[in-house]
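Visitor: Got a minute to look at a ligand site with me? I'd like to start with the pocket and then get to the contacts.

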Amino acid sequence: MKTVVISYSRTGNNQILAKAIAAGLSAEHVTITMPGEKSFFSIGMDMLFNRTPKVNTTQENPVDFQNVVFVGPVWMGQIASPLRAPVRKHRNSLQQYAFVSISGGADGPNTKLTAELKKRIGKDPVSVVNFLIAEMLPADPKPTREQTEAYRLDEAKAEELARKVMEELKTFS
Ligand SMILES: Cc1cc2nc3c(=O)[nH]c(=O)nc-3n(C[C@H](O)[C@H](O)[C@H](O)COP(=O)(O)O)c2cc1C
């Protein structure tokens, strides 16, 4: 069964990670984009009112969405809202899925991701991998939100993280 990586990224970190994961899994890569740049205000409104924003997708050819790795940022403790539309669209065809993210982590780990996925998709993920930028920066002094926001993943680091994801997803066929 072929694996599909579906990713959204606002500032590039999850895009470069998703690309490395798709290459490592020889998977198709579908990229979700927003028609315009997502403002902090609009992010806050989505999260507050559980909105599902309209998105664009690079998907041109029909593919089987049975094995899916969703990749995207965490916003306000939740999976970024632009991934909601594809999650909803493919939830019934998913046999197995995982969620991978590189997020800030300045306020600590994001503990509610698995519960959110289960609620939105109706079944448990095979794996949730949340890399925290705060843990990649020097621990002392404690990294601030501004510092984690400014971090940009490079290709070498993305490949290193993708290898860890590959280990986690060994059960993905
Ligand atoms: C409005 C907003 C809220 C955020 N909330 C969280 C959060 O709750 N937890 C977290 O770990 N990171 C949080 N972040 C940090 C992003 O997840 C982080 O900057 C990520 O690397 C962005 O990914 P991207 O470059 O793929 O867009 C937040 C960022 C923004 C803009």
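Guide: Sure. Helices and strands here are DSSP runs, numbered from the N terminus, with at least four residues for a helix and at least two for a strand. Also, this is a predicted model.

Visitor: Okay, which elements each supply at least two residues of the lining of the largest pocket?

Guide: Those are H1, H2, S5, S7 and helix H5 (145-150). H5 gives the most, with three residues.

Visitor: And how many residues line the largest pocket in total?

Guide: The lining has 30 residues, and Val74, Trp75, Met76, Gly104 and Glu149 lie nearest the pocket's centre. By class, the lining divides into 11 nonpolar, 13 polar and six charged residues. The space in there is about 810 Å³.

Visitor: Where does the ligand go, then?

Guide: The ligand takes up the space of that largest pocket. Helix H1 (13-25), helix H2 (40-49), strand S5 (74-75) and strand S7 (96-103) each give two or more residues to the shell around the ligand.

Visitor: Which residues are closest to the ligand?

Guide: Ser9, Arg10, Thr11, Gly77 and Ser103, out of 20 that surround the ligand. The shell has eight nonpolar, 10 polar and two charged residues.

Visitor: Switching to contacts: what does the side chain of Thr11 do?

Guide: One of its N or O atoms is 2.4 Å from a ligand oxygen. The Asn14 side chain has an N or O atom 2.8 Å from an oxygen of the ligand, while for Asn13 a backbone N or O atom lies 2.9 Å from a ligand oxygen.

Visitor: How much of the ligand does the protein bury?

Guide: 87% of the 640 Å² that the ligand exposes when taken alone.

Definitions and conventions: Residues are numbered from 1 along each chain as its sequence is written. This is a predicted model: local features need pLDDT of at least 70, side-chain atom pairs count only at pLDDT 80 or more; totals for chains, interfaces and linings use all residues. Side-chain values use heavy atoms; hydrogens and water are left out. A residue is near a molecule or strand if one of its heavy atoms lies within 4 Å of it. A polar contact is a pair of N or O atoms within 3.5 Å; within protein, one must be able to donate a hydrogen and the other to accept it, and residues adjacent in sequence count only if both atoms are side-chain atoms. Accessible areas come from the Shrake-Rupley method with a 1.4 Å probe; for residues, only the protein chains shown count as cover. On a 1 Å grid over the protein atoms alone, a cavity is a set of points where a 1.4 Å probe fits but cannot get out, and a pocket is an open set with protein on both sides within 12 Å along at least five of seven lines; lining residues have an atom within 4 Å of a point. A molecule sits in a cavity or pocket if more than half of its atoms lie within 2 Å of its grid points. Ala, Val, Leu, Ile, Met, Phe, Trp, Tyr, Cys and Pro count as nonpolar, Asp, Glu, Lys and Arg as charged, and the others, Gly among them, as polar. Grid points are joined across faces, edges and corners, and a volume is the space filled by probe spheres set on the points.
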